[in-house]
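Hi,

I am passing along the structure we talked about, and a few notes on what turned up in it follow below. Please have a look when you get a moment.

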Amino acid sequence: MFQAPRGTADLLPEEQKYRRYIESRAVALAQSYGYGRIDSPVFEDAGLFVRSVGEGTDIVEKEMYTFEDRGGDLVTLRPEGTAPVCRAYLEHGMHNLPQPVRMYYFCPVFRYERPQAGRFRQHHQFGVEVLGDPNPAVDAEVIELAWRLMHSLGLTDIRLFVNSIGDKESRPAYVQQLKSYYSERYENLCGDCRNRLDRNPLRLLDCKVLGCRAMGEEAPRSVDHLDPDSLDHWERLKSYLSAMQIPFEVDHRLVRGLDYYSRTVFEIQPEEAGAQSTICGGGRYDGLMEQLGGRPTPGIGFGSGLERLTLNLKRSGVEVPDLPAPSYLVANVGDAARLPALELASRIRQAGAGAILSSGTRALRGQMRQANALGIPYVVILGDDEIGRGEVVIRDMETSTQQTIPTAEFLQSLASDY
RNA sequence: GCGAGCGUAGCCAAGAGGCCUAAGGCGCCUGUCUGUGGCACAGGAGAUCACGGGUUCGAAUCCCGUCGCUCGCCCCA
């Protein structure tokens, strides 16, 4: 027997309501902020991600699904959502559109990792990007959108963390300070952090080991080493968030694992934070477009994992509406009713209503049971008697009442309803 | 890549060397109710006890290996 590959999952019909709920809320919100949907390919030139996400990152080093296609091109299954959107912006000359360009997306994301709670090799993200505006008001807008989305979904026990990690001019000096701070305390570092010291010093800050955490509290803070422009950006962002009454916490240890971030970074986590708990993460990436060969174009965005959102919806007991069942099940009794039942079901659908045709191979009782189990509100009953008289029985399953009416009249009522 | 736990019908599971031709529950099908659902009762289908090897007179049960799943670390949505 075949199984779904490790780290992948089937999203079965009974689970779809969560996905559809999240999608409809997210779309409504994104549209109200003026974002347009973009769908980019599932795979891209491998170089796109190496260039944008960064050589030294875990994603590029060991998590990408990269393969040579039959034509000899090296392609990669999308490991994150931002780079493809930036590529599309450049490829389609979107700098000619009114700036900034606001876009949102839903897409599958692939990373070769060991799966665990809230982590998959294929997962799905909702994300937004705003390209072409350096103003901190845009940072605030994106964060507000993320915050409102969580609330719109019914996730209210959440915390927003923000930080500024400076831009590419001011960061090297800060990183240097951080390195010397930790180097002086090398003896007390955990094994992982000793390795990280050279590779990615920023990551030392969010180590979970107790001793390292304590050191992180005392470590030099990026916000104390911002250049004047970045500092101004940071201060304005905070005042904008306050003005919008969005409760944020400055987390000096918040850095992020992708190289392209600059200045603003942020995350949203549920109150009861577990290991893989971040349900939304993003930040500004002003240098990215240049990295990809475009003219300097500022950008900011976030990604949010649909599987993690679903997990949290269930955990916090949010009531998600059921997807609508068809209004009618056409039950039929006896061979003579088979064809008329098929025709009737077809007519109901043409009139714009939903109908399931019962195969009629079992007793009426069984067909009624099926209608009940499927949550169908009305059963249309068709047997020899009804056909002889040109009538149908319409049974209301909720009230357990039924009426016999001429078929033509029934179809007419549908036409006026839909 | 590293560490831990777990694999018995579609799902949840009892069982801990012979009483297992594997309990029970959910779900599914049928009937009680010859053309009328939910409830109840009765019956039925559905399991190479993850796979391979070993120990033993005898293995779902003990040992070894393999595979798979889950959880944690790393990293991230």
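**What lines the RNA**

By class, the surface near RNA strand B is made up of 19 charged, 15 polar and 10 nonpolar residues. Please keep in mind that this is a predicted model. Among the 44 residues around RNA strand B, the ones that come nearest are R111, R119, R196, G257 and S400. On the RNA side, sugar or phosphate accounts for 47% of the strand B atoms within 4 Å of the protein, and bases make up the rest.

Three side chains have polar atoms close to the bases. For E386, an N or O atom of the side chain is 2.8 Å from a base nitrogen of RNA strand B. R395 places a polar side-chain atom 3.1 Å from a base oxygen of the strand, and in H123 a side-chain N or O atom is 3.4 Å from a base nitrogen. Elements that give two or more residues to this surface include strand 6 (122–131), helix 7 (191–199) and helix 14 (384–389). Helix 13 gives the largest share, 5 residues.

**Cysteines**

How many disulfides does a search of the whole structure find? The count is 0. C107 is in no disulfide, and its nearest cysteine sulfur, that of C86, is 13 Å away. C107 has 8% relative accessibility, so it counts as buried. C280 is in no disulfide either, with the sulfur of C107 the nearest at 14 Å. Because its relative accessibility is 1%, C280 also counts as buried.

Best wishes

Methods: Residues numbered from 1 in each chain as written. Chains lettered and ligands numbered in written order. Predicted model: local features only at pLDDT ≥ 70, side-chain atom pairs only at ≥ 80, totals over all residues. Heavy atoms only, no water. Near = heavy atom within 4 Å. Polar contact = N/O pair within 3.5 Å; in protein donor to acceptor, adjacent residues only side chain to side chain. Helix = DSSP H or I, 4+ residues; strand = E, 2+ residues; numbered from the N terminus. Nonpolar A, V, L, I, M, F, W, Y, C, P; charged D, E, K, R; others polar. Disulfide = S-S within 2.5 Å. Buried < 20%, exposed > 50% of the residue type's maximum accessible area, 1.4 Å probe, protein only.
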